[in-house]
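Please open the model in your viewer and keep the sequence panel beside it, so that each selection on this tour can be followed from one stop to the next.

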Amino acid sequence: MAGPQRLLLLPPLVLLLVAAGAILLPQRGSAEEGKVSLELYYESLCPYCSRFIVNHLAGIFEDGLIDAVHLRLVPYGNARVGSNSEISCQHGPYECLLNTVEACAIDAWPDLDVHFSFIYCVEDLVVKRQYKDWESCFQKLGLDPEPVTQCYNSEHGHKLELEYANQTNALEPPHRYVPWVVVDGQPLLEDYENFEAYTCKAYKGTPPKACEGLGRLQMALETAEARNGVSYNSGVSKLATAEDGGREQQ
């Protein structure tokens, strides 16, 4: 998958101007009325998370579903905060670094198109097991590394991660693994790869064109819900009792 093409295909000079604020792309930073809330709670070196971002989530920029979505990324996952406010990560210190780098990217570039493209680039390197080359993403996208570098090398980056820790720990029901995908306030549990169908089902306006091809999948979800005696609004997916797979537990 090529990723969010609209941004990645822009010339480096234009991307530099975007990063500097000289050119403003359409903002998606606020939850416009009618849009479906889509939240991803993840950690940077979780292979299931990186594959989900690269192979699934990036697709909404290409099929147009992003126009119906308010997307929020929370890079913290299964990390832990100690009594001294130090953070330890499931996959070690390098994951803590990249979690903070991605948190700093969100903070430095609030425009979703910009920070998602950067995170996509980093996570694509994780998929390829080349994540130690993550700084190459600045050059690939024509982005100034200084605001992100200053952030993760300062207390500000740590504060951002502590805030994401609070947001992750406040989830109801609590997250049990990553990736943890929440649509319209409801966790999808093991059925997170079908997030587009749930998003289309939750959307109250005229369905985006991207939802047209998901009709059969939505019907399958409804049939499974009826069979299992649960509903989308209960937050329980049709695969809630499946064995672990495609996710990483705490």
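## A walk through the sheet and its surroundings

Begin by selecting Val 183, which stands opposite Gln 186 in β7. Bear in mind from the outset that this is a predicted model. Now widen the selection to the whole of strand β6, residues 180-183, and to β7, and you will have a pair that runs in the antiparallel sense over two bridges.

Next, bring in the remaining strands, and four of them can be followed as an open sheet in the order β2-β1-β6-β7, with mixed pairing. At the edges lie β2 (69-75) and β7 (186-187), each of which pairs on one side only. In general, the strands of a sheet pair through backbone hydrogen bonds, in either the parallel or the antiparallel sense.

Move across to β1 and β2, which pair in the parallel sense over seven bridges. To place yourself within this pairing, select Tyr 41 and look for its bridge partner in β2, which is Val 74. Colouring β2 by accessibility is worthwhile here, since the strand is mostly covered, with six of its seven residues buried.

What covers the sheet? Select helix α3, residues 47-57, which lies across β1 (36-42), β2 and β6 and runs at about 145 degrees to β1. Then add helix α10, residues 195-202, which also packs on the sheet, touching β1, β2 and β6, while its direction makes about 20 degrees with that of β6.

## Charged pairs

How many salt bridges does the structure hold? There are two, and both can be shown in turn. For one of them, select Arg 72 and Glu 39, whose closest N and O atoms are 3.3 Å apart. This pair links distant parts of the chain, because Arg 72 belongs to strand β2 and Glu 39 to strand β1, with their positions 33 residues apart. Within the pair, Arg 72 is partly exposed, at a relative accessible area of 27%, whereas Glu 39 is buried, at 15%.

For the other, select Lys 128 and Asp 124, whose side chains meet in a salt bridge at 3.0 Å, N to O. Here Lys 128 counts as partly exposed, with 47% relative accessibility, and Asp 124 is buried, with a relative accessible area of 18%.

## A buried glutamate without a partner

Now go to Glu 102, which is found in helix α5, residues 93-108. This residue is buried yet has no salt bridge, and the nearest side chain of opposite charge, that of Lys 140, is 13 Å away. A salt bridge would need a nitrogen and a carboxyl oxygen within 4 Å. Which residues surround Glu 102, once its neighbours within four places in sequence are left aside? Select Tyr 42, Ser 44, Pro 75, Ile 119, Val 122 and Glu 123, with which Glu 102 is in contact.

## Last stop: a loop residue

Finish at Leu 171, found in the loop between α9 (155-169) and β5 (177-178). Although it sits in a loop, Leu 171 is buried, with a relative accessible area of 10%. Leaving aside neighbours within four places in sequence, Leu 171 is in contact with Tyr 41 and Trp 180, and Tyr 41 is the residue you selected earlier as the bridge partner of Val 74. As a closing step, draw a distance from Leu 171 to Gly 185: the two are 14 residues apart in sequence and 9.6 Å apart in space, C-alpha to C-alpha.

Terms used: Residues are numbered from 1 along each chain as its sequence is written. This is a predicted model: local features need pLDDT of at least 70, side-chain atom pairs count only at pLDDT 80 or more; totals for chains, interfaces and linings use all residues. Side-chain values use heavy atoms; hydrogens and water are left out. Helices (H or I, at least four residues) and strands (E, at least two) are DSSP runs, numbered from the N terminus. Buried means under 20% relative accessible area, exposed over 50%, partly exposed in between (1.4 Å probe, protein chains only). Lys and Arg count as positive and Asp and Glu as negative; His and the chain ends are not counted. Contact means heavy atoms within 4.5 Å. Two strands pair if DSSP finds at least two bridges between them. Axes are lines fitted to C-alpha atoms, for helices over the stretch in contact, and angles run from 0 to 180 degrees between N-to-C directions.
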